[in-house]
Amino acid sequence: MKVKSSLFERIGGMAAVDAAVDIFYTKVLADERIAHFFKNTDMKAQAGKQKAFLAYAFGAPLAYTGKDMRHAHAHMQLTNEHFMAVAEHLVATLQELQVTHELIDEVAEIAMSTKDDVLNN
């Protein structure tokens, strides 16, 4: 019986995560609903953190040493609208990269599983 490969492997590994995060932040920074959250952010460092988190969340064989979602976002006073704008850009990025609907659904499920923590509910 063949073991199912991780989402990380099926999505294309670190090269795919790198490409997706770079496109994703271009979209986020162009969106007036959420761009202001990154006004004073070192985006190179932020992209690196996001790449490490997504790789880990998608099943990459590495340890994630960053803050958990609740602590990383606690000070931001995010709303459902902010969360959904980010999710929208994540899906649009994956579509732009021609990721299959099946894999996009898996990514969306992972993203939605962080919602309560990100919004500090």
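# Exercises on a predicted helical model

Leaving aside neighbours within four places in sequence, His82 is in contact with Arg33, Ile34, Phe37 and Gln77. The model you are working with is predicted, so please read each solution with that in mind.

## Exercise 1: His82 and one of its partners

Work out where His82 lies and whether His82 is buried or exposed. Then do the same for Gln77.

*Solution.*
Step 1. Find the element: His82 belongs to helix 5, which covers residues 80–96.
Step 2. Check the accessibility. His82 has a relative accessible area of 14%, and buried means under 20%, so His82 counts as buried.
Step 3. Turn to Gln77, a contact of His82. Gln77 sits in the loop between helix 4 and helix 5.
Step 4. Apply the cut-off again. Exposed means over 50%, and Gln77 has a relative accessible area of 69%, so Gln77 is exposed.
Step 5. Look at the backbone too: Gln77 is not a glycine, yet its phi is positive, at about 55°.

## Exercise 2: Another positive phi

Describe the backbone, place and accessibility of Gln98.

*Solution.*
Step 1. Gln98 has a positive phi of about 60°, although Gln98 is not a glycine.
Step 2. Its place is the loop between helix 5 and helix 6.
Step 3. With a relative accessibility of 72%, Gln98 counts as exposed.

## Exercise 3: The aromatic rings

How many aromatic pairs does a search of the whole structure find? Classify the pairs and say what Tyr25 and Phe38 tie together.

*Solution.*
Step 1. The search finds two aromatic pairs.
Step 2. Take Phe24 and Tyr25: the ring centres are 5.0 Å apart, with 65° between the planes, and the pair is edge-to-face. Both Phe24 and Tyr25 are buried.
Step 3. Take Tyr25 and Phe38. Here the centres are 5.7 Å apart and the planes lie at 70°, so this pair is edge-to-face.
Step 4. Place the two rings. Tyr25 is in helix 2 and Phe38 is in the loop between helix 2 and helix 3, so the pair ties together parts that are 13 residues apart in sequence.
Step 5. Check burial: Tyr25 is buried at 6% relative accessible area, and Phe38 is buried at 15%.
Step 6. Put the pairs together: they link Phe24, Tyr25 and Phe38 into a cluster.

## Exercise 4: The nonpolar core

Which residues have the most contacts inside the largest nonpolar core, and which helix gives the most to this core?

*Solution.*
Step 1. Recall the background: in soluble globular proteins, nonpolar side chains tend to be buried together.
Step 2. The largest nonpolar core has 32 residues, and those with the most contacts inside it are Tyr25, Phe58, Leu94 and Val107.
Step 3. At least two residues each come from helix 1 (7–11), helix 2, helix 3, helix 5 and helix 6. Helix 2 gives the most, with six residues.
Step 4. Zoom in on Leu94. Not counting residues up to four places away in sequence, Leu94 touches Ile11, Ala20, Val99, Ile104 and Val107.

## Exercise 5: The cavity

How many cavities of 30 Å³ or more does the structure hold? Characterise the lining of the largest cavity.

*Solution.*
Step 1. The structure holds one cavity of 30 Å³ or more, and the largest cavity has a volume of about 60 Å³.
Step 2. Its lining includes Ile11, Ala20, Phe58, Leu94 and Val107.
Step 3. Helix 2 and helix 5 are the elements that give two or more residues to this lining. Helix 2 gives the most, with four.
Step 4. Sort the lining by class: ten residues are nonpolar, with no polar and no charged ones.

## Exercise 6: The largest pocket

Which residues lie closest to the centre of the largest pocket, and which helix gives the most to its lining?

*Solution.*
Step 1. The largest pocket has a volume of about 900 Å³.
Step 2. It is lined by 34 residues, of which Tyr25, Gln46, Gln50, Met69 and His73 are the closest to its centre.
Step 3. Helix 3 gives the most to the lining, with six residues.
Step 4. By class, the lining divides into 23 nonpolar, eight polar and three charged residues.

Conventions. Residues are numbered from 1 along each chain as its sequence is written. This is a predicted model: local features need pLDDT of at least 70, side-chain atom pairs count only at pLDDT 80 or more; totals for chains, interfaces and linings use all residues. Side-chain values use heavy atoms; hydrogens and water are left out. Buried means under 20% relative accessible area, exposed over 50%, partly exposed in between (1.4 Å probe, protein chains only). Contact means heavy atoms within 4.5 Å. On a 1 Å grid over the protein atoms alone, a cavity is a set of points where a 1.4 Å probe fits but cannot get out, and a pocket is an open set with protein on both sides within 12 Å along at least five of seven lines; lining residues have an atom within 4 Å of a point. Grid points are joined across faces, edges and corners, and a volume is the space filled by probe spheres set on the points. Ala, Val, Leu, Ile, Met, Phe, Trp, Tyr, Cys and Pro count as nonpolar, Asp, Glu, Lys and Arg as charged, and the others, Gly among them, as polar. A nonpolar core is a set of buried Ala, Val, Leu, Ile, Met, Phe, Trp, Tyr and Cys residues joined through side-chain atoms within 4.5 Å. Rings of Phe, Tyr and Trp (its six-membered ring) pair if their centres lie within 6.5 Å; planes under 30 degrees apart count as stacked, over 60 as edge-to-face and the rest as tilted.
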